[in-house]
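Open your viewer and get ready to select residues by number. This tour goes stop by stop.

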Amino acid sequence: SRTIVAAAAQLGPIARLDTRKAVVERLIALLGEAASRGAELVVFPELTLTTFFPRWHMTDPDEIDAFYETEMPGPDTRPLFETARRLKIGFYLGYAELAVENGVKHRYNTAILVDRNGEIVGTYRKIHLPGWDRPQPGRTAQHLEKYYFEPGNLGFKVFETMGTRIGMAICNDRRWPETYRVMALKGSEMILVGYNTPDDHTGHFDFDSLTQFHNQLSLQAGAYQNSNWVIATAKAGHEEGSNLIGQSMIVAPSGQIVAMATSTADEVIVAKCDLDMAALYRKTIFDFARHREPEAYRLIVET
Ligand code: CDT
């Protein structure tokens with residue numbers, strides 16, 4: 001059967017003053033460990049290169065710009081690409097992107113897919129941006145993704161590469177069923193997700209105390225209901241006063257978790273993914289062509 005050995009390379013906290021160079025050294029170490037355990041594809045978190053800066057309300061443009069990448073790879077990230085090429089390992093990397101489109105600056109929460117030759121073969125810009133576009137009074141921790149980013153303009157694409165069909169999502173996207181379904185309808189077999197999830201992300205203790213359960217629930221349901229492997233990777237741990245959950249995991253198309261991180265530090269988890277498992281569910285309970293009833297779903301896209 002067709003298989004790919006995939007890894008989630010969870011990162012522990014990144015401090016505000018940590019340099020890109022120091023972070024990339026950690027990524028290279030994780031890549032090396034993943035390769036030594038047989039991985040062919042490694043998934044890094046959302047906004048991998050810096051601390052999770054949307055927790056702060058910054059107003060100085062230079063201070064803000066310092067968190068974004070204007071080229072990929074750039075001088076700091078090139079060693080990661082070179083190592084991946086040498087190890088023949090593909091990767092997913094999330095970062096803050098400052099793009100100039102038609103002469104206008106745009107800011108996106110972005111992930112790229114790099115193949116085993118070190119070439120960028122796919123780009124995704126986060127569509128579901130959680131939080132607010134201005135600071136919320138009374139909250140100790142802010143979540144200002146709508147202030148720092150605009151919604152992605154590339155849709156949910158599926159990339160044929162590394163012997164499979166891969167889709168990408170970023171953090172909050174994983175909670176929305178539409179994310180997985182659009183890519184599954186395009187034939188994805190694997191969905192890669194990086195995330196940063198603070199344990200107080202809603203500000204309501206009743207919900208926040210269920211944060212890890214909701215992480216698991218979303219990823220397992222997304223995998224099963226869409227017959228996809230899901231590789232989900234956290235940035236975790238105590239980061240600048242925020243507690244980010246870990247629980248990086250690899251979920252099979254059956255919805256079963258086949259590997260999960262046990263720490264909130266830098267940690268690699270690996271699983272051999274049988275890609276034909278995606279087809280198995282799609283030929284049976286989730287045979288979309290035979291069983292879906294799109295006429296009954298119109299409201300979902302009409303409102
Ligand atoms: N990064 C990200 O999208 N985090 C959200 C939590 C914040 S909601 C205000 C998530 O869905 O995990």
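Start with strands β6 and β7: they run antiparallel, and four bridges join them. Select Glu-160 and then Arg-165, its bridge partner in β7. Keep in mind that you are looking at a predicted model.

**Stop 1: the sheet around β8**

Now widen the view to the whole sheet. It is open and has six strands, in the order β6-β7-β8-β9-β12-β13, with mixed pairing. Which strands stand at the edges? Select 158–161 for β6 and 257–260 for β13. Each has a single partner strand, so one side of each is left without a neighbour in the sheet. From one strand to the next, the twist averages 20°.

Move on to β7, residues 164–170. Five bridges join β7 to β8, and these two strands run parallel. To see one of the pairs, select Met-168 in β7 with Leu-192, its bridge partner in β8. Add helix α5, residues 177–185. Together, β7, α5 and β8 make a right-handed β-α-β unit.

Next, select strand β8, residues 190–196. Is this strand buried or exposed? Seven of its seven residues are buried, so β8 is largely enclosed by the rest of the structure. In a regular strand, side chains alternate between the two faces of the sheet. Colour Met-190, Leu-192, Gly-194 and Asn-196 for one side of β8. Use another colour for Ile-191, Val-193 and Tyr-195 on the other side. Both faces are covered, and every one of these residues is buried.

Step across to β9, residues 229–235. How many bridges join β8 to β9? There are seven, and the two strands run parallel. Select Gly-194 and Thr-233 to see a bridge pair between β8 and β9.

**Stop 2: another sheet**

Leave that sheet and select strands β5, β4, β3, β2, β1 and β14. In that order, these six strands form an open sheet, again with mixed pairing. The edge strands are β5 (120–125) and β14 (267–274), and each pairs on one side only. On average, neighbouring strands here are turned by 35° against each other, direction ignored.

Zoom in on β4, residues 104–114, beside β5. Five bridges pair these strands in the antiparallel sense. Ile-112 has Thr-123 in β5 as its bridge partner.

**Stop 3: the pockets and the cavity**

Now look for empty space. Rolling a probe the size of a water molecule over the atoms shows where such space is left.

The largest pocket has a volume of about 400 Å³. Its lining has 13 residues. Select Glu-178, Arg-181, Arg-292, Tyr-297 and Ile-300, which lie nearest the pocket's centre. The elements giving two or more residues to this lining are α5, α7 (211–226) and α10 (299–302). Which one gives the largest share? It is α5, with five residues. By class, the lining of this pocket has seven nonpolar, two polar and four charged residues.

The second largest pocket holds about 240 Å³ of space. Of its 14 lining residues, the closest to the centre are Pro-130, Gly-131, His-143, Asn-172 and His-201. Here the lining has four nonpolar, six polar and four charged residues.

A search of the whole structure for cavities of 30 Å³ or more finds one. It contains about 80 Å³ of space. Among the residues that line it are Phe-52, Arg-55, Arg-139, His-143, Asp-200 and His-201. By class, the cavity lining has four nonpolar, four polar and three charged residues.

**Stop 4: backbone details**

Finish in the loops. Select Met-72 and Pro-73: the peptide bond from Met-72 to Pro-73 is cis, with omega near -5°. Pro-73 sits in the loop between α2 (61–65) and α3 (78–87).

Go to Leu-47, in the loop between β2 (41–43) and α2. Its phi is near 40°, a positive value in a residue other than glycine. With 1% relative accessibility, Leu-47 counts as buried.

Last comes Ser-227, in the loop between α7 and β9. Phi of Ser-227 is also positive, near 55°, and this residue is not glycine. Ser-227 is buried, with a relative accessible area of 0%.

Definitions and conventions. Residues numbered from 1 in each chain as written. Predicted model: local features only at pLDDT ≥ 70, side-chain atom pairs only at ≥ 80, totals over all residues. Heavy atoms only, no water. 1 Å grid on protein atoms, 1.4 Å probe; cavity = no way out; pocket = protein on both sides within 12 Å on 5 of 7 lines; lining within 4 Å. Points joined across faces, edges and corners; volume = space filled by probe spheres on them. Nonpolar A, V, L, I, M, F, W, Y, C, P; charged D, E, K, R; others polar. Buried < 20%, exposed > 50% of the residue type's maximum accessible area, 1.4 Å probe, protein only. Pairing = 2+ DSSP bridges. Right-handed = clockwise from strand over helix to strand, strands pointing away. Axes fitted to C-alpha atoms, helices over the stretch in contact; angles between N-to-C directions.
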